[in-house]
2 protein chains.
Amino acid sequence: MTTIRDVAAQAGVSVATVSRVMKGDVPVNDETRARVQAAIEMLDYAPNAFARSLASNRSQGVGLLISHLGGPFMSRFMATVEEALRRSDYSLMVAAGHSDATREREALRFLSSKRCDGVLVHADGLEDDALRMLAGQMNMVVINRQVQGLAGQCVYIDNRRGGYLATRHVIELGHRHIACLTGPLSKQDARWRLEGYRQAMQDAGLPLDEAAIIEGDSQDGSGRYAIDLLRTRKSPITALVAGNDEMAMGAMSRLKVLYPGIRLPDALSVVGYDDEHYACHLAPTLTTVHAPVEEMARAAVTLMEARLKGGEPPGFESGFTPTLMTRESTGPAPDQGVFCSTRSTF
Amino acid sequence: MTTIRDVAAQAGVSVATVSRVMKGDVPVNDETRARVQAAIEMLDYAPNAFARSLASNRSQGVGLLISHLGGPFMSRFMATVEEALRRSDYSLMVAAGHSDATREREALRFLSSKRCDGVLVHADGLEDDALRMLAGQMNMVVINRQVQGLAGQCVYIDNRRGGYLATRHVIELGHRHIACLTGPLSKQDARWRLEGYRQAMQDAGLPLDEAAIIEGDSQDGSGRYAIDLLRTRKSPITALVAGNDEMAMGAMSRLKVLYPGIRLPDALSVVGYDDEHYACHLAPTLTTVHAPVEEMARAAVTLMEARLKGGEPPGFESGFTPTLMTRESTGPAPDQGVFCSTRSTF
DNA sequence: TCATGTCATGTAACCGGTTACATGATGGTT
DNA sequence: AACCATCATGTAACCGGTTACATGACATGA
């Protein structure tokens with residue numbers, strides 16, 4: 001392995017000069033710089049990252065804590081983050097938190113033990129308090145979540161608005177009996193989406209039926225479960241607002257099994273959330289809420305880089321707004337919901 | 001930051017002794033060890049990863065080069081790899097190659113510049129030759145690909161068999177005119193899957209119609225394209241074997257648009273590949289080829305750890321076998337294919 | 001002419017570990 | 001008693017960079 005000393009010897013200068021040339025922003029005589037660069041070229045020199053980190057106390061790496069690696073849009077998110085970071089010569093270290101407070105904390109400890117310069121945190125297990133505390137110990141940007149007291153280091157999306165949009169959409173289609181299938185209410189985003197649902201119902205002057213709110217686990221199985229539950233209740237539900245596409249998909253699958261003869265939006269209008277890439281290939285194609293994931297990822301990296309450079313945090317808006325993708329899974333409200341006990345198909 | 005010297009002072013021993021206690025496998029007097037451990041505990045000491053790496057020339061990190069972060073099963077794969085590595089206190093550094101030889105090479109250079117102890121390489125842009133060469137320069141385990149000359153450092157799956165299984169399945173259902181929609185044939189796995197298709201056709205004594213082999217790009221758009229193409233040709237195709245679920249999904253969507261009245265397997269039997277988690281929620285649910293991704297990921301890590309420890313490579317079999325998941329998208333061959341020009345729906 | 005400032009460059013301490021080798025204590029053998 | 005092996009521990013060189021400070025060359029103004 002060629003070291004900085006080899007290069008210095010080859011170029012006939014001191015190691016300090018080589019270091020300065022590598023760094024780039026320190027004034028060096030043009031002729032000297034050229035000689036050093038020639039030597040670097042000739043010896044195919046690449047600085048030792050460890051030595052550099054040890055001396056400068058910076059790792060040139062940022063950690064990414066992902067609550068659940070298989071989660072929606074994670075791949076899109078990570079791809080964008082990786083690309084943006086690499087452009088700045090930062091490496092990306094990934095750790096998974098498995099949506100569990102203890103494991104997320106452990107993952108952060110791990111990343112911190114690896115001396116990341118900063119961490120992008122997508123945690124849904126940790127409490128706000130824990131995040132605030134940890135943010136004091138390391139350079140942190142929080143993704144997909146708004147934490148009070150961590151202004152300027154959160155990139156989030158208005159989940160309340162997402163839930164609102166989804167619900168208002170079916171209301172506008174004439175639905176009055178609308179169920180809501182949420183993700184685990186221990187998660188902030190699930191709570192906000194539900195809040196949006198509540199608000200939309202209230203704004204439309206519709207009664208809130210607490211029995212029509214079902215807490216799921218964000219997996220497709222919950223969709224099936226929700227349908228079965230709503231069916232036993234035989235409440236006159238005509239639309240379902242789901243907390244994510246996965247559960248919406250599960251619900252639709254179950255409906256197709258139970259009511260093979262009925263076209264789906266006629267049986268039940270279903271709205272998803274996340275706009276996963278399969279959403280437009282389901283049958284019927286899924287109306288869902290779309291988030292600008294790539295933009296959010298870029299914003300997170302920008303925020304992080306600003307923190308790392310130590311300058312003023314860029315004053316840009318890091319709150320994003322979801323949009324509704326209207327597709328076939330939602331349609332006009334029928335006179336009678338499929339779940340209504342008076343319906344002949346029962 | 002507390003250093004090893006602080007701990008040494010606190011415990012009244014030398015830094016070497018502390019280092020030995022940290023290492024674990026060197027004999028240290030029990031009483032001394034206890035004192036050191038108490039000091040570590042008391043000072044909440046965590047060794048500086050850079051210093052350690054610099055001195056020992058090991059990074060305790062492995063890189064993961066992913067050709068395409070959004071690709072099938074990547075999240076499952078990564079989740080498993082991350083968990084297995086972390087258990088051994090290795091960190092995971094991710095770089096994306098974007099399915100392009102140059103960018104993959106660049107990503108490897110990057111990971112190597114960060115001094116990873118080893119790299120797990122999922123590359124589909126690089127040539128075998130390039131991989132063989134690079135494998136000489138760094139500790140490498142190749143994922144999802146069998147490279148001649150790199151025995152014992154590849155974890156792969158028998159794509160030929162996968163293609164064979166998919167094709168034989170529809171043949172057994174009575175289909176005789178079977179199209180094949182492949183991924184980019186510049187990719188090894190796409191070529192092998194096609195090879196399996198060919199073999200199955202041949203084994204069944206069916207004629208090979210080269211016009212029924214279409215090269216796609218692994219995106220859903222290719223599915224649509226393939227259907228449109230087959231339709232103009234009006235060849236009497238009754239089944240389609242696709243190179244992945246994405247394309248199969250695209251094809252089915254297109255079919256549903258074109259022939260809204262016909263149930264899908266009657267119009268065309270479709271087989272996918274990858275068994276993505278949405279496969280069983282499409283309508284009809286998608287018959288597809290399943291790979292034991294988690295097992296493969298664990299095997300890759302095991303192989304890597306063996307290389308890192310420097311011991312003998314474990315003699316286990318790193319070739320995996322795919323299985324067919326039979327679902328609704330395939331059915332008995334109709335008398336007349338939907339693409340047959342004599343059909344009345346045209 | 002000499003003090004002073006500017007600029008490019010060199011010297012060497014430092015980051016915080018690992019580890020080869022030195023040291024010294026202990027106990028067994030002849 | 002002298003010798004040697006064994007074992008736990010300490011000393012200090014080393015890994016390969018960064019950077020504060022020193023140095024020396026040259027230009028400027030009094």
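Between chain A and chain B, 18 residue pairs are in polar contact, counting pairs with both residues at pLDDT 80 or more. On the side of chain A that touches chain B, the elements giving two or more residues are α4 (49–56), α5 (74–87), β2 (91–96), α6 (101–113) and α11 (245–258) of chain A. I should state at once that this is a predicted model.

The contact draws 50 residues from chain A and 50 residues from chain B. Together the two chains bury about 4,300 Å², with 59% of that area on carbon and sulfur atoms. Four salt bridges cross the interface of chain A and chain B. One of them joins A:Arg86 to B:Glu106, whose closest N and O atoms are 3.9 Å apart.

I turn now to the interior. The largest nonpolar core holds 60 residues, and those touching the most other members are A:Met78, A:Leu120, B:Met78 and B:Leu120. A second, separate core has 51 residues, among them A:Ala251, B:Leu255, B:Ile262 and B:Tyr278. To return to A:Leu120, its contacts beyond four places in sequence include A:Val62, A:Leu65, A:Val81, A:Ile143 and A:Met304.

Finally, the cysteines. How many disulfides does a search of the whole structure find? The search gives zero over all chains. B:Cys116 is in no disulfide, and the nearest cysteine sulfur, that of A:Cys116, is 13 Å away. B:Cys116 is buried, at a relative accessible area of 16%. Why does B:Cys154 form no bond with the closest cysteine sulfur? Because that sulfur, in B:Cys116, is 19 Å from the sulfur of B:Cys154, too far for a bond. B:Cys154 likewise counts as buried, with 4% relative accessibility.

Key: Residues numbered from 1 in each chain as written. Chains lettered and ligands numbered in written order. Predicted model: local features only at pLDDT ≥ 70, side-chain atom pairs only at ≥ 80, totals over all residues. Heavy atoms only, no water. Core = buried A, V, L, I, M, F, W, Y, C linked by side-chain atoms within 4.5 Å. Buried < 20%, exposed > 50% of the residue type's maximum accessible area, 1.4 Å probe, protein only. Contact = heavy atoms within 4.5 Å. Disulfide = S-S within 2.5 Å. Buried area = accessible area lost by both parts, 1.4 Å probe. Salt bridge = Lys/Arg side-chain N within 4 Å of Asp/Glu carboxyl O. Polar contact = N/O pair within 3.5 Å; in protein donor to acceptor, adjacent residues only side chain to side chain. Helix = DSSP H or I, 4+ residues; strand = E, 2+ residues; numbered from the N terminus.
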